[in-house]
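Student: Could we go through this one together, a piece at a time?

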Amino acid sequence: MPTTYQLISSSTLSSSAATFSFTSIPQTYTDLAVKCMTRFTGAAVDTWITFNANGSGIYSVTSIKGTNSVGSGNSSSQVRFTSMLSDDSSFTANTFTSTDIYIPNYTLPQFKQINSASFNENNSSDAWVQFGAGLMQSTTAVTSIEFFSTSTSFAANSTFSLYGIKNS
Amino acid sequence: MAITYEPIATYTAGAGGVTSFEFTSIPQTYTDLRVIHSMRLKSGNANVYNKFTYNNVTTGNIYGYLRWYIQSSTALQQGSANDYQPAPSTLTSTTIPVVSTIDIFGYSDATIKKTSIYTVSQNFGATGAYVIHPCSFVDNTAITSIKIEDAFGGGFAEYSTATLYGIKAA
């Protein structure tokens, strides 16, 4: 029986970087899984993701978010996928946010669903968990994934790993 | 390092769609199972959900679940028991897929009742939902088959997929 869940690419930032991208993603898998550990060098801002470097208004997200005492949700349309957290400079030093992103059937000619789960790490009660259901209204196969933010950079030692999952 | 996370079987609906996906004769050689299900419905229904059953058991209210979810901008929770596992899809589309991931733990252990975690991610642009759904199958019997059906009978459209993976702990 074939193995699957194969590592396509993995990077650990040696210094801070404003963006990170997976490019030339092979079209030979069924699904994609991304696992990240991220932290920002600056204050709290959104972590943004685009696919195929497409920054037009084709994204929407419904997310649920909670901390030690507060739960909330929202649904919106945007020019990027936004249901991803990152630790910021106010968090305990050397802590990172863990994020799982799953993109099924990324090569099929249909709109793409994006499933995310993101967990702050902070040695305090001020940490969040966020789950997101995203949509990219494009039938184009996913060939690249870009990570960035409004105004800050990913800190050194942030890691990004991309896995390919075959169904046969 | 041992190989794990192996595909056991996969189905993709062709041009005419399918009425259900069913995995049978599931090997008992893994530790856990994972199902990845991406569906589009053949016909739209309001408040649609899928029926998810094990071993063709459809009686006895032995499928229990809790549900924490966001639908549009409202966070909700609920729980119940049923004759099948209602896969918690609350919206439907004939054009945009809904993605479900089901992790089933200790499926082959005939000394324990089965637990699973079911997540559903769906977004249709103007609205959407994310559902986290811990489930129980109150039966000690090893799971040898899994069936996914559209509860309203319309079936699943072209490009809908269901894949079963086996995960070994060692």
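Tutor: Sure, and here's a term to begin with: two strands pair if DSSP finds at least two bridges between them, where strands are DSSP runs (E, at least two residues) numbered from the N terminus. Keep in mind that this is a predicted model, where local features need pLDDT of at least 70, side-chain atom pairs count only at pLDDT 80 or more, and totals for chains, interfaces and linings use all residues. Residues are numbered from 1 along each chain as written, chains are lettered from A and ligands numbered from 1 in written order, and side-chain values use heavy atoms, without hydrogens and water.

Student: Which residue is the bridge partner of Ile36(B) in S8(B)?

Tutor: Strand S3 (residues 32-39) of chain B runs antiparallel to strand S8 (residues 98-105) of chain B, with 8 bridges between them. Across in S8(B), Ile36(B) is matched with Thr101(B).

Student: Which strands stand at the edges of the sheet in chain B?

Tutor: The open sheet has 8 antiparallel strands in the order S1-S12-S3-S8-S9-S10-S5-S6 (chain B). Each edge strand has a single partner, so one of its sides has no neighbour in the sheet; these strands are S1 (6-12) and S6 (74-82) of chain B.

Student: Is Trp48(A) buried or exposed?

Tutor: The charged end of Arg80(A) sits over its ring, 3.5 Å from the centre (the rule: NZ of Lys or CZ of Arg within 6 Å of the ring centre and within 35 degrees of the ring normal). Buried means under 20% relative accessible area, exposed over 50%, partly exposed in between (1.4 Å probe, protein chains only). Trp48(A) comes in at 14%, so it counts as buried.

Definitions and conventions:
Helices (H or I, at least four residues) and strands (E, at least two) are DSSP runs, numbered from the N terminus.
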